[in-house]
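I opened this notebook to record what I looked up in one structure. The entries follow the order in which I consulted it.

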Amino acid sequence: MTENGLPDEHQAAQRLAEITPIIERAQRAYYSGANEGGITDAHYDALIHEMRELEEAYPQLAAADSPAQRVGAVAEGPFSSSRHLERLYSLEDVFSLDELREWYTSRAAEIPGSTPQAPALEVTTEAKIDGLAVNLRYENGALTVAATRGDGVTGENVTANAATIKAIPQRLRGSGFPEVLEVRGEIFFPLKEFANFNETQRQNREEAQAELEEGGISRERERELRVIIRNSREFANPRNAAAGSLRQKDPKITAARPLSFIAHGVGALRGVPDATAEKLATQEGLYQLFEGWGIPVSPYTKHASSWREIEDFVEDLAGHRHDLLHGIDGAVLKVNLRGVQENLGYTSRVPRWAVAYKYPPEEVETRLLDIRVHVGRTGRVTPFAVMEPVVVDGSTVSQATLHNREEVARKGVRIGDVVILRKAGDVIPEIVGPVQALREGDEREWTMPETCPACGARLAAAKEGDVDLRCPNARSCPAQLVERVTHIGSRGALDVDRLGEETALWLTNPEARREEALTAFVRGKALWFEGEGGTERRVFLGARGSRELGLIDDDGALLDSQEVVPPAVQSELGIPAPQAPVLENEAGIFDLSAESVRETFIWRELTRDINAKGAGNGGVVKRAGDWQYERAAWLAPVWTNRKSAPNEITKPARPGKIIEQIVAELEKAKTKELWRKLVALSIRHVGPTAARALAEHYGSLRALRAASVEELAQVEGVGEIIAASFQRWFEVDWHQEIVERWARAGLTWEDEDFGTAAGPELAQTLAGMTIVATGSLEGYTRDSVKEAITARGGKAAGSVSKKTTAVVVGENAGSKAAKAEALGVPMLSEAEFNRLLETGELPA
């Protein structure tokens with residue numbers, strides 16, 4: 001390395017040889033729209049900046065055709081080429097507000113009368129659309145050529161496909177347009193349409209695949225189905241969807257997709273009328289002309305004449321990143337006066353009068369260490385990815401769902417791959433796919449386990465043709481049981497304070513995180529256990545030791561994801577054997593006592609550095625990322641700390657406040673409303689609404705079990721499906737055992753006040769109304785808002801239809817609010833909802 005931190009010339013040449021093919025592949029993929037399996041934008045930006053830095057330090061190493069000096073990539077594919085009348089440039093990228101401010105002040109310094117203390121530079125502030133750049137050529141107002149960017153000089157001629165996009169005018173409106181006009185802009189896939197489009201693509205593909213596999217069809221129909229399958233692939237993101245849709249051989253396919261277009265610049269101008277030339281004096285004037293001619297422009301563009309206005313725009317745009325018409329990856333500043341633009345000119349790659357500020361990436365790269373499976377409350381087995389922790393969209397992510405084994409196969413990910421991870425706003429993190437360009441050949445295919453990782457039962461589909469596999473051991477599978485016990489404590493069921501997912505793990509599956517702890521252990525973290533005399537015992541192997549034992553590969557990926565550390569090795573290292581859970585199933589939950597969990601231990605990851613107990617003068621520190629095997633519900637005994645004599649216990653182990661509170665809350669739950677107890681049984685389809693209806697109609701479990709399916713189905717809000725599911729549940733022996741043991745523990749299966757006046761009843765202000773709540777409400781939880789509706793005679797629905805009376809809209813409301821607006825259903829704020837509860841009257 002040199003003194004300034006750069007590699008020497010030989011190292012630089014090696015590095016350039018290494019990254020050049022990666023950059024070239026990325027450029028071809030990005031500008032053709034075929035970026036599936038390519039590197040992320042953030043990775044590309046980092047590589048291209050590294051290349052420019054090396055070429056600047058060692059000009060003799062810069063090739064004449066260096067990708068660092070290109071605008072795009074040479075057009076390739078089934079379309080003819082089209083030469084632009086004027087070159088399309090890229091934009092200079094900056095990645096921090098400091099860099100953006102430096103650009104602004106440096107450009108302002110070139111303006112007469114401007115000073116560093118008071119920069120005088122007017123700019124347009126714009127959204128950087130994450131779409132496919134195109135150049136539209138109009139001659140005498142008629143669209144003659146539409147071409148992709150290509151390498152900035154020559155692109156692909158996509159005129160026939162572009163002509164199917166409604167937002168692109170075939171003929172300009174009005175008058176005053178130049179004889180020849182090149183319009184630069186972005187074709188994009190609207191964000192609101194993307195999820196529905198991918199879902200429709202998936203359904204079409206699966207239906208066609210099923211019909212094809214069924215057989216007995218004509219050759220012509222077989223050909224039709226294969227075309228449907230070929231044209232029904234899902235896209236990783238809206239940009240790829242836009243590019244893939246535009247570059248279809250058949251314009252009919254492009255026409256069927258909801259593409260749109262926004263203009264953001266101009267190229268060649270010939271035969272410009274004088275009145276038009278006056279308007280063209282500013283960037284704002286250009287956009288006004290475009291609007292008048294029927295060319296769409298961005299509704300988000302603003303004018304700024306100070307750094308404060310620019311900073312406010314960048315911050316505000318970032319806050320609306322996920323609710324715009326289109327995807328964005330940054331903000332753009334352009335000098336407003338086009339005469340000043342001409343004076344500032346261009347470098348070989350970029351205009352000096354414009355800059356793009358890139359937001360932190362929502363797609364990042366990380367290594368896939370393992371694929372494991374999660375077993376849910378119903379036994380459904382879902383694969384999920386375990387990755388090297390990485391920061392994306394402001395949060396650290398180390399796991400992401402992979403949905404099912406077909407999804408793993410479709411994404412084509414392998415253990416050991418570098419993968420692209422996406423997280424945008426409140427969206428659950430997802431793996432987009434592998435970075436195939438970075439594969440080294442030692443990545444391993446994943447296969448779905450044949451047995452349940454939690455209980456060892458053989459996995460199987462619930463019925464023929466199901467994509468999902470399930471664990472059939474519903475009675476005592478720890479993974480399913482923890483979900484059901486968590487459900488018992490939830491507000492919609494028995495509302496047992498402190499009985500949540502974490503405490504349910506103590507009781508049903510205390511070894512749930514053993515595999516996670518062992519994975520960290522083999523990758524270099526330590527494990528900590530209670531030692532003798534109040535000390536703590538450390539077990540450490542290190543990544544090197546793990547590789548020597550054949551537990552991980554050189555990249556840290558697990559070699560055997562089914563058995564991270566074999567039991568024999570665990571025993572040799574002094575790692576305790578797995579414990580048996582306190583609860584075999586939920587039948588024993590009301591027999592729970594503090595004493596029953598005295599010796600229950602759990603695995604906990606340390607989030608900060610702390611001193612180990614009894615470390616003596618060695619000063620041993622437990623590091624963040626290490627794992628501790630600690631008492632779940634009891635406090636450890638307190639010991640003396642003597643140097644010259646054996647330590648003694650000064651305070652014995654004792655139950656913690658949480659377990660004492662849970663036991664007390666379970667006692668209270670024994671006499672709660674019948675509907676809550678019905679919900680707590682986890683009967684399929686029987687949620688709070690149906691349980692309330694059944695409890696209010698029959699009053700006791702005895703009466704409910706005596707009723708026929710037909711009779712239960714007659715209860716308002718129940719119906720045949722719920723009634724049949726309710727009756728079937730009691731046909732299972734261990735289900736009956738739950739009811740009987742709860743009763744023996746003192747739980748009552750009837751409402752004491754059934755059929756009597758139970759105090760003042762709430763006014764039925766919502767009788768006959770159907771109310772939907774969406775988003776976060778300050779004064780209500782998801783369950784309590786439903787209770788507020790049903791307690792006043794209304795129906796709390798989960799979806800919006802024409803029959804919906806009103807929709808209560810909170811923060812971060814989703815598609816339900818949009819559907820209500822489309823259907824003309826009244827939308828209420830939380831304050832308006834509260835008034836509706838009191839008065840029964842919708843706001844005027």
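The entries below concern domains, one domain boundary, salt bridges and recorded binding sites.

**Entry 1. Domains.** I note at the outset that this is a predicted model. I looked up how the chain is divided and found domain 1 (9-70), domain 2 (92-189 + 257-358), domain 3 (192-234), domain 4 (363-470), domain 5 (671-745) and domain 6 (770-839). I chose domain 1 and domain 2 for the next entries; their C-alpha centres lie 26 Å apart.

**Entry 2. Where domain 1 meets domain 2.** I asked how many residues of domain 1 are in contact with domain 2. Eight residues of domain 1 touch ten residues of domain 2. Between them the two domains bury about 770 Å², and carbon and sulfur atoms account for 41% of that area.

I then looked for charged and polar pairs across this boundary. I found one salt bridge between domain 1 and domain 2. D45 and K358 form a salt bridge, with their closest N and O atoms 3.0 Å apart. For polar contacts, the count between domain 1 and domain 2 is one residue pair, with both residues at pLDDT 80 or more.

Which helices supply the side of domain 1 that touches domain 2? I recorded α1 (9-32) and α2 (41-57), each of which supplies at least two residues. The largest share of that side, four residues, comes from α2. Sorted by class, the side of domain 1 that touches domain 2 has three nonpolar, two polar and three charged residues.

**Entry 3. The first UniProt list.** I consulted the unreviewed UniProt entry, which lists under "binding site" D41, A42, H43, Y44, D45, S90, L91, E126, R149, E186, K334 and K358. These positions are spread over 318 residues of sequence and are also spread in space, with up to 25.7 Å between C-alpha atoms. I located D41 in helix α2. D45 and K358, both listed there, are also partners in the salt bridge of Entry 2.

**Entry 4. Salt bridges.** I counted 48 salt bridges in the structure. One that I looked up joins the side chains of K128 and D329, at 3.4 Å from N to O. This pair links distant parts of the chain: K128 is in strand β3 (residues 123-129) and D329 in strand β10 (residues 328-335), 201 residues apart. As a general remark, side chains of opposite charge can pair when their charged atoms come close.

**Entry 5. The cysteine list.** The unreviewed UniProt entry also lists C452, C455, C471 and C477 under "binding site". I asked whether these cysteines are gathered or spread out. They span 26 residues in sequence, yet no two of their C-alpha atoms are more than 8.7 Å apart, so they gather at one spot. I placed C455 in the loop between β16 (430-434) and β17 (469-470).

Definitions and conventions. Residues are numbered from 1 along each chain as its sequence is written. This is a predicted model: local features need pLDDT of at least 70, side-chain atom pairs count only at pLDDT 80 or more; totals for chains, interfaces and linings use all residues. Side-chain values use heavy atoms; hydrogens and water are left out. Domain bounds come from an automatic or database domain assignment. Contact means heavy atoms within 4.5 Å. Buried area is the accessible area (1.4 Å probe) that two parts lose on being put together, summed over both. A salt bridge is a side-chain nitrogen of Lys or Arg within 4 Å of a carboxyl oxygen of Asp or Glu. A polar contact is a pair of N or O atoms within 3.5 Å; within protein, one must be able to donate a hydrogen and the other to accept it, and residues adjacent in sequence count only if both atoms are side-chain atoms. Ala, Val, Leu, Ile, Met, Phe, Trp, Tyr, Cys and Pro count as nonpolar, Asp, Glu, Lys and Arg as charged, and the others, Gly among them, as polar. UniProt positions are given in the numbering used here, feature names are shortened, and annotations may be inferred rather than shown by experiment.
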